[in-house]
Amino acid sequence: MELINLGILGMGTVASGLINIIELNNTKVVGNINKQLVVSKVLVKDVNKKRNVNLSADVYTTDAYEIINNADIQIIVELIGGIDQAYEYIKNALNGKKHVVTANKALIATHGEELEQLARINGVRLMYEASVGGGIPIINTITENLSVNEFEQITGIINGTTNYILTQMTENGLEYEQAVREAQRLGFAEADPSSDVDGDDAAYKIAILSSIAFNQRINVNDIPKEGITKISKEDIVYAKELGYNIKLLASASKTNDEIELRVHPAFIPSDHPLSTVKNEFNAVFLKGNVTGEIMLYGKGAGSLPTSSAVLNDIVSIIKNECRKYNDGIINADKYRIVNRAYKKYYIRFEVIDKPGVLARIANVFGKNNISLNSVVQRQKNGNNTAPLVFITHDVERKNIDTALKEIGNFDSVIQIASIIVVEDF
């Protein structure tokens, strides 16, 4: 039986999961491709470290180019993460006419177009299903199953760490810091969770999905992003009282010749399917002009789900059943990127509890063409202050920002505590 030799760069949780899946489901894999996968070389930092995989010691190397330049290795699997070093390794592998599979969303969002072109020039494949959504086959769904659609919208929960944190705050009443520590304890969050909680991870992912769905060059720096670090226990309580749950959404919508992209926390109606996505699970809504709305749901992180996506890309390469993800994207700037953020907003103030405060704030909103849907005023906090909550009708974010700049100077306004989008779908 023909052997397909794999070279793996990195030996973290996804790489170990991949190796274990190849062994666990070997009969299934062989039956699918009629070839035998062999892990020939693995790049590690320490060749003597014990690992939970069934590999011989001579497979490990600390020299990436012992893998990249190995003539017997047909497919390189990049799982080291980061951008600069991974970029150099993948570029050299593609120039060496080796297929590459990666789960590196930051790299693909930053250099994907260039690397796609390099793969085409060298007649090889660059595959990255695992870069978005873990085990959810979202990229393949867009490029293969729904390829005849003109996509109008992508909206989803595509970061499992933040979704776990917000779920714990909602269901167990945890403060933000407590929920982060719990996510770290269970391995859902890194020791430094900033890429997740600040929205960077979700921005990389929506950039990748948008570039594929809209056939458009997307610069991740053009995506406005806001993380969940300012979400408080109080916001969670208000959301529930008003019939919502708070989720970190990544969204992209196309209207005529414009695309609007955003990563932000949002109030989602409690009866909407996205509102029920909990813990480390992800979900993505796609809206095509032919199919209408479709939701894909599954585990967005973890060793086995992500490793499964990596292995499926390997199998697709061997069976020659994969298309180039970004066909037609080169030099495609047919849509303008806009940032209007025309939405409803939840705004929470902490104010001094005295007559006239509410009216004064409402007057500034009116001057800035901000129509109010509802106002909620709670009892005093016990120190002569009180929370004051507004829900607006649809309005551009710039109007909100202009109004809040004036309101923030009021002596009676102690704090503008929260500004969160309210989605009504």
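**A walk through the sheet, one helix and the cores**

Let me begin with one pair of residues, I76, which stands opposite V100 in β5. Please keep in mind throughout that this is a predicted model. The strands around that pair are β4, residues 75-78, and β5, residues 99-102, and they pair in the parallel sense over 4 bridges.

If we step back to the sheet, we find an open sheet formed by 6 strands with parallel pairing, in the order β3-β2-β1-β4-β5-β6. At its edges stand β3 (60-61) and β6 (126-127), and because each has a single partner strand, one side of each is left without a neighbour in the sheet.

Now to helix α2, which spans residues 26-33, and in which V29, V30 and I33 are buried. Why do these residues lie on the same side of α2? They do so because they cover an arc of only 95 degrees around the axis. The residues that cover this buried side come from elements including β2 (36-43) and α12 (303-319), whereas the face of α2 turned away from the buried side carries the exposed residues T27, K28 and G31. After α2 comes N34, whose phi is positive, near 55 degrees.

Finally, the cores. The largest nonpolar core has 81 residues, and of these I138 and I165 touch the most other members. Helix α10, residues 200-213, gives the most to this core, with 9 residues. Leaving out residues up to four places away in sequence, I138 touches E129, V132, L209, V284, L286 and L296. Apart from the largest core lies another core, of 33 residues, which includes I22, L37, V53 and I75.

Conventions. Residues numbered from 1 in each chain as written. Predicted model: local features only at pLDDT ≥ 70, side-chain atom pairs only at ≥ 80, totals over all residues. Heavy atoms only, no water. Buried < 20%, exposed > 50% of the residue type's maximum accessible area, 1.4 Å probe, protein only. Helix = DSSP H or I, 4+ residues; strand = E, 2+ residues; numbered from the N terminus. Arc of directions from axis to C-beta. Contact = heavy atoms within 4.5 Å. Pairing = 2+ DSSP bridges. Core = buried A, V, L, I, M, F, W, Y, C linked by side-chain atoms within 4.5 Å.
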